[in-house]
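Biologist: Please take a close look at the aromatic pairs of this model and describe how their rings are placed. A single connected account, with the cut-offs stated, would be welcome.

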Amino acid sequence: MTGTGDPPAAADTDARDAAFAETVRRTGASIGALYLLDPDGRRLSLDVMYGAPADFAAPWATVPVTAPAPVAEAVREDRMVWVGSQEELARSYPRTATVLPYPLAMAAAPVTGVRRWGVLLLMWPAARPPYMTTRERGHIASSCGRLARLLEEAVETGTLPAPGDRPRALPAGTGRRPAGAQMAAADLIERLPGGSCALDLEGRFSYLSSGACDLLGRHAGALLGTLPWQSLRWLDDPACEDSYRAAVISREPVAFTACRPPDLWLDFHMFPDASGISVRIVPHGAEDTPVPASRHTATPARAGRLHQLTHLAAALTEVVSVRDVIDLVADQIMPAFEAQSLVLSSAEGGRLRITGYRGYAPDAIERLDGLPVDTALTPAGRVLATGIPAFFRDPEEMRRVHPAAVPMSGKQAWAFLPLIVSGRPVGCCVLSYDQPHTFPAEDRAVLTSLAGLVAQALDRARLYDTKHGLAHDLQQALLPRALPGVTGLRVAARYLPATRGMDIGGDFYDLIPLDDQVAAAVIGDVQGHDAAAAALMGQVRTAVHAHATAGTTPDRVLSATNRLLIDLGTDLFTSCLYAHLDLPGRSATLASAGHPPPVMRVPGHGTGPLDVPPGPLLGIVPDAAFPLTEIPLTPGLLLAFYTDGLIETPGVDLDDAIAGLARRLAHADERDLEGLIDTLVGQAGSTGQRADDIALLVLHHAATR
């Protein structure tokens, strides 16, 4: 009983903690966690843990109710969720598997009374049966009911903790007699022969024998209460901490090897239970080391897999297009799992369309492309139907498990990974090998987790590619398909989209014939590089074209277009440069609405920017005026109209950038205008990175013969 001096809040908390810890112990679970539902019902917050440090739960201390996780599904559907193995966890909940890549089984049960309170999560070592009996389910359900009643009593007394507070970790001996330093040493002697050391569940040294101190090279006073990978720098390796985590969560023996400088190799054998971990440290290769046959060995390679999975998961969040997904799988996932070949297909219209491949002959891909989603010719149909990956270590296993499969490629081993998003098949990823290949359980779990991440990345990328294709089509429809011919005038143009965003923009150009040897040249830049900018660009170009063909002067063309944008009420501003070219009269008249000046090359007179006094940007000032500039149109004259994406570079003065463009134009060969444009574009061409789109229109007044 609680003493009369104990606060009610402490008494209620102690009662809940005792009931929670007793539930974990009676079910035989090694770890338990109690999640409470936030008042708005949108998030689960971890309140208390038993059997593991609270820091272990950092990646899943809060879980949105909509998340694809066992605890979220349990509270959403108000039912117990059972996951019998690590492979089942990776298959059904790949996100959860990425933060719990250990052999285990788990159950998530809703804690429900007068309302939904939260979820009880229980985890067992992988050695337990992969099923749950009716009696076990009933016991867990009744325990959840008891926890719900205690939570309701806490509400009545005003002692219910606020969700979102830092989660607590109950001591392993809650409800039992405490185990001090002497008891830890006694437990160690009982578990392992010889002198060694003990870690508590937090991973800190709680006992060291003199033999352990000799091997570790430090006295006990310098190590007690510290974490091995912090107090011993040569243990600051992913394998060490990952081995400790694997032992705590799986409750199975774990071993790893480390080198104490300069050349002393030591074997660490870890034996966990509910009170802590006993560690036997011996020189590498010692023959008297007791190693149970059922031990789970954590090696540096295994730790590398965990960090590799984290790295690949982060990389998959950054891919944009389907091509990016294919390249990432080929360049990073294939080598990581020693695969020689890859086929990535998308489920489209009831068929599997090959979106990318490596290491296959084109004729084999041709036979595989377009197979029905439910095909029996390869295991892809089955894995998509069941959502369960299939691994075949050699052709014999393929024939035995999937006799309908038809040999097509000469490959000797395969991993068929279904790509599923929210229960919807989006495709299939096949890794294949030129020689028979064994798939360890750990690799299967990691590949299954990756398949879920690849599926989400592929689904996002397909949506992006669809939007990008529509936007690109819109862009192309709004730009001139070809520039018209004008006697005595040679023209060339180029449009380069920004390499960021949707790959479209508001830059435009046009050449409008007004007579046999009279034309209007226009270039403009609508603010932004997205679909809205492209759509407004189409309206501006149409307005300019309409006013130009009516015989209006350049200043009036810009004034009329400006009034249109004012009337539209758009938030996007537009710069524009308009030139009326009269070849018989040998004159050009220009007007600018805040646009960069054209660069002009006159034979015998040099090259430089043309001084065209600009008016304001279009769409800002209703009654804006646009000054006219007239220049002689002499034979051999070369004019370059461009948008600011060609000249704007961070840290470079704008005048210096225009001067640099003039120098490139001065040395360019006007006989090949397309090559001349390549020279002007320079580093911003097809291989460059562009923060803004670029439009470039080059006009050359051919010399009269």
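Modeller: The account below treats the aromatic pairs, then charges over rings, and ends with one helix contact. This is a predicted model, in which local features need pLDDT of at least 70 and side-chain atom pairs count only at pLDDT 80 or more, while totals for chains, interfaces and linings use all residues. Residues are numbered from 1 along each chain as its sequence is written, and side-chain values use heavy atoms, with hydrogens and water left out.

The structure holds seven aromatic pairs (rings of Phe, Tyr and Trp, the last by its six-membered ring, pair if their centres lie within 6.5 Å; planes under 30 degrees apart count as stacked, over 60 as edge-to-face and the rest as tilted). One of them joins tryptophan 234 and phenylalanine 268 in a tilted arrangement, at 6.5 Å centre to centre and with 50 degrees between the planes. This pair links distant parts of the chain, 34 residues apart: tryptophan 234 lies in the loop between helix 9 (228-231) and helix 10 (238-250), and phenylalanine 268 in strand 11 (residues 264-273). Here helices (H or I, at least four residues) and strands (E, at least two) are DSSP runs, numbered from the N terminus. Both tryptophan 234 and phenylalanine 268 are buried, a term that means under 20% relative accessible area, with exposed being over 50% and partly exposed in between (1.4 Å probe, protein chains only). Trp234 and Phe268 also form one aromatic cluster with Phe256.

Phenylalanine 391 and phenylalanine 439 form another tilted pair, 5.3 Å centre to centre with 50 degrees between the planes. Its partners are 48 residues apart, with phenylalanine 391 in strand 16 (residues 390-392) and phenylalanine 439 in the loop between strand 18 (424-433) and helix 16 (441-478). Phenylalanine 391 is buried at a relative accessible area of 9%, and phenylalanine 439 is buried at 5%.

Charged side chains also lie over aromatic rings (NZ of Lys or CZ of Arg within 6 Å of the ring centre and within 35 degrees of the ring normal). Arginine 128 lies over the face of tryptophan 124, 4.9 Å from the ring centre. Likewise, the charged end of lysine 411 sits over the ring of tyrosine 360, at 5.0 Å from its centre.

Finally, the axes of helix 17 (residues 531-549) and helix 18 (residues 554-568) come within 9 Å and cross at roughly 140 degrees; axes are lines fitted to C-alpha atoms, for helices over the stretch in contact, and angles run from 0 to 180 degrees between N-to-C directions.
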